[in-house]
Amino acid sequence: MSAFTVRVPDETAKRLDQLAEKQDRSRSYMAAKAIEDFVAREEWQLAEIEAGLGEAESGQFASSDDVARVIAKFVLPAPRS
């Protein structure tokens, strides 16, 4: 396991301490968990972006009709006066 120092604003450290106390965990545990979650989320997001770029480069695009159908599912028509 690696150890390193991270500097955060005093207010962030205070908030981290409060969370750690509420969860009966150490500040170190909470910080490590936050970093692990951040790294996993960033890895996932970058992988999805790279996959999307690969699809775009190979010409796999949604048609304008496909996009309109998806939008129609989630957007209500504007009320008429």
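Before I come to the surface of this protein, one definition: a patch is made of residues with over 30% relative accessible area and no salt bridge, where like charges are joined within 9 Å and nonpolar side chains, meaning Val, Leu, Ile, Met, Phe, Trp and Tyr, within 5 Å. The accessible areas behind that rule come from the Shrake-Rupley method with a 1.4 Å probe, and for residues only the protein chains shown count as cover.

What you see above is a predicted model, in which local features need pLDDT of at least 70 and side-chain atom pairs count only at pLDDT 80 or more, while totals for chains, interfaces and linings use all residues. Residues are numbered from 1 along each chain as its sequence is written, and side-chain values use heavy atoms, with hydrogens and water left out.

With that in place, which residues make the nonpolar surface patch? The patch is made by F4, V6, V8, I35, F38 and V39, and it covers about 550 Å². F4, one of these residues, is placed in the segment before helix 1, where helices (H or I, at least four residues) and strands (E, at least two) are DSSP runs numbered from the N terminus. F4 has a relative accessible area of 60% and is therefore exposed, on a scale where buried means under 20%, exposed over 50% and partly exposed in between, with a 1.4 Å probe and protein chains only.

Let me turn to the charged side chains. Side chains of opposite charge can pair when their charged atoms come close. The structure holds three salt bridges, each being a side-chain nitrogen of Lys or Arg within 4 Å of a carboxyl oxygen of Asp or Glu.

One of them joins the side chains of D17 and R27, at 2.8 Å from N to O. Because D17 lies in helix 1 (residues 10-22) and R27 in helix 2 (residues 27-57), this pair ties together parts that are ten residues apart in sequence. D17 is partly exposed at 31% relative accessible area, and R27 is also partly exposed, at 43%.

Another salt bridge, between K33 and D37, has an N to O distance of 3.1 Å, and here both residues lie in helix 2, four residues apart, which is about one turn of the helix. K33 counts as partly exposed at 37% relative accessibility, as does D37 at 36%.

The side chains of D66 and R69 also meet in a salt bridge, at 2.4 Å from N to O, with both residues in helix 3 (residues 64-74), three residues apart, again about one turn of the helix. Is each partner exposed or partly exposed? D66 counts as partly exposed at 32% relative accessibility, whereas R69, at 51%, counts as exposed.

Now to the stretch around the start of helix 2. The charged end of R25 sits over the ring of Y29, 4.3 Å from its centre, the rule being that NZ of Lys or CZ of Arg is within 6 Å of the ring centre and within 35 degrees of the ring normal. S28, found in helix 2, is exposed with a relative accessible area of 56%, and its C-alpha is 9.4 Å from that of L16, although S28 and L16 are twelve residues apart in sequence.

Finally, a point about the backbone. Most residues other than glycine have a negative phi. D24, however, has a phi near 55°, a positive value in a residue other than glycine. D24 is found in the loop between helix 1 and helix 2, and is exposed, with a relative accessible area of 72%.
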